[in-house]
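Subject: Structure handover and notes

Dear colleague,

I am passing on the structure below, and my notes on it follow. Please read them alongside the sequence and the coordinates.

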Amino acid sequence: MSQPSPLVDALQQAVAYRVQTGLTTISLDEALPTFAADLFSNDYLSLSTDAVVRERFLCQALAAPRLFGSTGSRLATGNSEEYNVLEGRLQRFFGSPSALLFHSGFTANSAFFTCIPQKNDVIIYDELVHASCREGFRTSAARGATYRFAHNSVLSFEECLRGVLRKHPQIMQGKSTVFISVESLYSMDGDFCPLAEIVQIAENLVPAGNSHIVVDEAHTSGICGPSGSGYVSLLGLNHRIHTIVHTFGKGWGFHGAVVLTSPVIRKYLIHFAKSVIFSTSMPFTDIYALQSCLDVISSERGQELRQSLHRLCGYARKQLLKALKRVPDGILSVDKLAAETHDHGLLSPIIPIFTPRASNLTDYLLKKGYGATAMTLPVVKRPRIRMIVHARNTEGDIDKFVTALLQWATRQGQSAGPFVMRGASSDGQCVETKARL
């Protein structure tokens, strides 16, 4: 037990404040339940439980002369032929000039932005970019010149960029670089970046060579583009984006990341990124697992999984919009824009379901066996849970979950009058539930 001290008091008060003000608090002492369908994890292609991935991995592992620890930093004894083969394969798969592996998307993003922007450079970023990028901004040599624009607003981005160019004339003079940081798909709202428009504006306003666009493809890697190569590839922007980060903890069903960039930047990261220099490199188990994931993602089976995911994303949106149509927004709501299809036919697997009672709904869903997590302040301003569709979910899984949402809504009892909630039963038939909320 901790002895009373100024430090212990400060830590306990900080945690207590979160509880008192309704901020998100999580206990890791118990695992989330798993006896209901997985509609909350980032395992978009269901690869973490894929039998083919498992079989391929076990075959490689059983035949491998080395399986566990890599024995050191990659700059010391941790480099290997297997490591280089995987990086070379990723480089070819994504069509990049070079590739550098990292332990996670967090370390990849933070290492890039900590190391690459130089003194007198400038960073512009979407206000909802990931915390890993922000951590890099905070420790970057350019940390005194960071500017954000309104989320996914092309107009705000252009105004921001024009303002930056006026305030930092050295960019137009070819003496420094403006870095532009965006994500392909944002995990809290489930919306795609207007990347083509952002690229065009940057090219129109900034002389060639003086801007550097960085795209985090954490939530689109594997689920779209030719053979699952991602959003940038789908839009045909490979040669107009300077650095792309693909992470393996979502659609790939594993962990780790790869930075796709120029050979010069790769070499610089090797020699200046502390997470490369001072971390033990990936063990051989991870290398074989990522090879197995890539085998499936790039195969016909991978395409079938992507098609299944797309179909179920459409079905889930349809069922949610139908079911929640008559539920007051103060209880549950889904953004109607969620039903719209991206210009390239994409549908996001992430569907935010908004409710001011996110914690209450989460507790209810946990008892039903769902691995739900409430999203509240400070993570998001508008409380919600996120339904996340997977390639191997079924329509029945979705129907059952929608029914659970409606059952929870009827228990809230705070609406002024009766209404009819139209949803779907577990057998796919339309059901109506009269309730007074």
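Strand β10 (residues 350-354) and β11 run antiparallel and are joined by five bridges, where helices (H or I, at least four residues) and strands (E, at least two) are DSSP runs numbered from the N terminus, and two strands pair if DSSP finds at least two bridges between them. Before going further, please note that this is a predicted model, in which local features need pLDDT of at least 70 and side-chain atom pairs count only at pLDDT 80 or more, while totals for chains, interfaces and linings use all residues. Residues are numbered from 1 along each chain as its sequence is written, and side-chain values use heavy atoms, with hydrogens and water left out.

Within the β10 and β11 pairing, isoleucine 351 has methionine 387 of β11 as its bridge partner. Both faces of β11 are covered, with Arg384, Arg386 and Ile388 buried on one side and Ile385 and Met387 buried on the other; buried here means under 20% relative accessible area, exposed means over 50%, and partly exposed lies in between (1.4 Å probe, protein chains only). Because five of the five residues of β11 are buried, this strand is largely enclosed by the rest of the structure.

The second strand pair to look at is parallel: strand β2 (residues 122-126) and β3 are linked over four bridges, and tyrosine 125 stands opposite arginine 148 in β3. In a regular strand the side chains alternate between the two faces of the sheet. Strand β3 (residues 146-149) shows such an alternation, since Tyr147 and Phe149 point to one face and are buried, whereas Thr146 and Arg148 point to the other and are not.

Turning to charged side chains, the structure holds twelve salt bridges, each being a side-chain nitrogen of Lys or Arg within 4 Å of a carboxyl oxygen of Asp or Glu. One of them joins the side chains of aspartate 50 and arginine 392 (3.0 Å, N to O). Aspartate 50 lies in the loop between α1 (6-20) and α2 (51-63), and arginine 392 in the loop between β11 and α14 (395-410), so this pair ties together parts that are 342 residues apart in sequence. Aspartate 50 counts as buried, at 2% relative accessibility, while arginine 392 is partly exposed, with a relative accessible area of 36%.

Another salt bridge links glutamate 82 with arginine 66, whose closest N and O atoms are 3.6 Å apart. Glutamate 82 sits in helix α3 (residues 81-94) and arginine 66 in the loop between α2 and α3, so the pair ties together parts that are 16 residues apart in sequence. Arginine 66 counts as partly exposed, at 44% relative accessibility.

A further salt bridge, between the side chains of glutamate 158 and arginine 162 (3.0 Å, N to O), lies within a helix: the two residues are four apart in helix α6 (residues 154-167), and are therefore separated by about one helical turn. Glutamate 158 is partly exposed, with a relative accessible area of 25%, and arginine 162 is partly exposed as well, with a relative accessible area of 40%. Salt bridges that share partners also join Asp50, Arg301 and Arg392 into one network.

Some backbone features deserve a look when you inspect the loops. Most residues other than glycine have a negative phi, and most peptide bonds are trans. Leucine 377 and proline 378 are joined by a cis peptide bond, with omega about 0 degrees, and proline 378 is found in the loop between α13 and β11. Threonine 71, in the loop between α2 and α3, has a positive phi near 80 degrees and counts as exposed at 62% relative accessibility. Asparagine 120, in the loop between α4 (105-115) and β2, likewise has a positive phi, near 80 degrees.

Lastly, on the loop side of α13, lysine 368 lies in the loop between α13 (358-367) and β11 (384-388) and is partly exposed, with a relative accessible area of 36%. As for separation along the chain, alanine 37 and alanine 99 are 62 residues apart in sequence and 36 Å apart in space, C-alpha to C-alpha; alanine 37 lies in the loop between α1 and α2.

With best wishes
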